[in-house]
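Let's take a walk through this chain together, with the sequence at one hand and the 3D view at the other. We will begin with the space between the atoms and then turn to the residues around it.

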Amino acid sequence: IWGEVTELNGVERTATIQPMFVKDKEVVDFDFCVIAAGCNFGVFHKWGESLWFPTIHAAARPEGSWPHLDERFLEGRRRH
């Protein structure tokens with residue numbers, strides 16, 4: 001699944017996902033869950049924004065220093 005998990009429900013073992021190129025969110029079930037969130041280095045920014053790590057979370061992009069750039073893609077990183 002290519003998208004961003006916006007909510008996890010451990011009791012029901014479901015994840016709400018915003019797929020990359022679909023407008024509506026989807027709910028999928030899972031047997032186990034591995035959270036690989038990476039690391040944000042910017043200790044002085046609410047979302048950990050850094051020049052060295054792209055802002056990828058949907059909730060963080062509007063509050064970032066470069067909201068007009070989609071850093072999930074290489075072109076957005078280059079323009080940054």
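A pocket, as the word is used here, is an open set of grid points with protein on both sides within 12 Å along at least five of seven lines. Rolling a probe the size of a water molecule over the atoms shows where empty space is left. Please keep in mind that you are looking at a predicted model. In this model, the largest pocket has a volume of about 590 Å³. Its lining is made up of 21 residues, and those closest to the centre of the pocket are Gly3, Glu4, Val5, Ala36 and His57.

Which strands supply at least two residues each to that lining? They are β1, covering residues 3-9, β2, covering 14-19, and β3, covering 26-29. The top contributor is β1, which gives four residues. As for chemistry, the lining of the largest pocket holds 16 nonpolar residues, along with two polar and three charged ones.

Now step back to the chain as a whole. Its secondary structure amounts to three strands and one helix. Read from the N terminus, the order of these elements is β-β-β-α. The C-alpha trace spans about 40 × 30 × 20 Å along its principal axes. The chain has 80 residues, and 24% of them are buried.

Let's follow the chain from its start. Tryptophan 2 sits in the segment before β1. Is tryptophan 2 buried or exposed? Its relative accessibility is 56%, so tryptophan 2 counts as exposed, because the cut-off for exposed is over 50%. Tryptophan 2 and phenylalanine 21 are 19 residues apart along the chain, and their C-alpha atoms are separated by 8.8 Å.

Further on, the loop between β1 and β2 contains arginine 13. What stands out about the backbone here is the phi angle: for arginine 13 it is near 55°, a positive value in a residue other than glycine. Most residues other than glycine have a negative phi. The relative accessible area of arginine 13 is 45%, so this residue is partly exposed.

The loop between β3 and α1, the helix at 74-79, is a good place to linger, and isoleucine 35 is one of its residues. With a relative accessibility of 65%, isoleucine 35 counts as exposed. Together with Val5 and Leu8, Ile35 makes a nonpolar surface patch of about 290 Å². Val5 also belongs to the residues closest to the centre of the largest pocket.

Histidine 57 lies in the loop between β3 and α1 too. You have met His57 already, among the residues closest to the centre of the largest pocket. Its relative accessibility is 30%, so histidine 57 counts as partly exposed. Valine 5 and histidine 57 are 52 residues apart in sequence, while their C-alpha atoms are 9.3 Å apart in space.

Where does alanine 60 lie? Its place is again the loop between β3 and α1. Alanine 60 has a relative accessibility of 4% and therefore counts as buried, because buried means under 20%. From alanine 60 to isoleucine 35 the C-alpha distance is 18 Å, with their positions 25 residues apart in sequence. Proline 67 is likewise found in the loop between β3 and α1. Proline 67 is partly exposed, since its relative accessible area is 48%. Its C-alpha atom is separated by 19 Å from that of phenylalanine 21, and the two residues are 46 residues apart along the chain.

Our last stop is the helix. Side chains of opposite charge can pair when their charged atoms come close. How many salt bridges does the structure hold? It holds one. In this salt bridge the side chains of glutamate 75 and arginine 79 meet, at 3.0 Å from N to O. Glutamate 75 and arginine 79 are four residues apart in helix α1, which means that about one helical turn separates them. Glutamate 75 has a relative accessible area of 40%, so it is partly exposed. Arginine 79, at 60% relative accessibility, counts as exposed.

Note on methods
Residues numbered from 1 in each chain as written. Predicted model: local features only at pLDDT ≥ 70, side-chain atom pairs only at ≥ 80, totals over all residues. Heavy atoms only, no water. 1 Å grid on protein atoms, 1.4 Å probe; cavity = no way out; pocket = protein on both sides within 12 Å on 5 of 7 lines; lining within 4 Å. Points joined across faces, edges and corners; volume = space filled by probe spheres on them. Nonpolar A, V, L, I, M, F, W, Y, C, P; charged D, E, K, R; others polar. Patch = residues over 30% accessible without salt bridge, like charges linked within 9 Å, V, L, I, M, F, W, Y side chains within 5 Å. Areas by Shrake-Rupley, 256 points an atom, 1.4 Å probe, with all protein chains shown as cover. Salt bridge = Lys/Arg side-chain N within 4 Å of Asp/Glu carboxyl O. Buried < 20%, exposed > 50% of the residue type's maximum accessible area, 1.4 Å probe, protein only.
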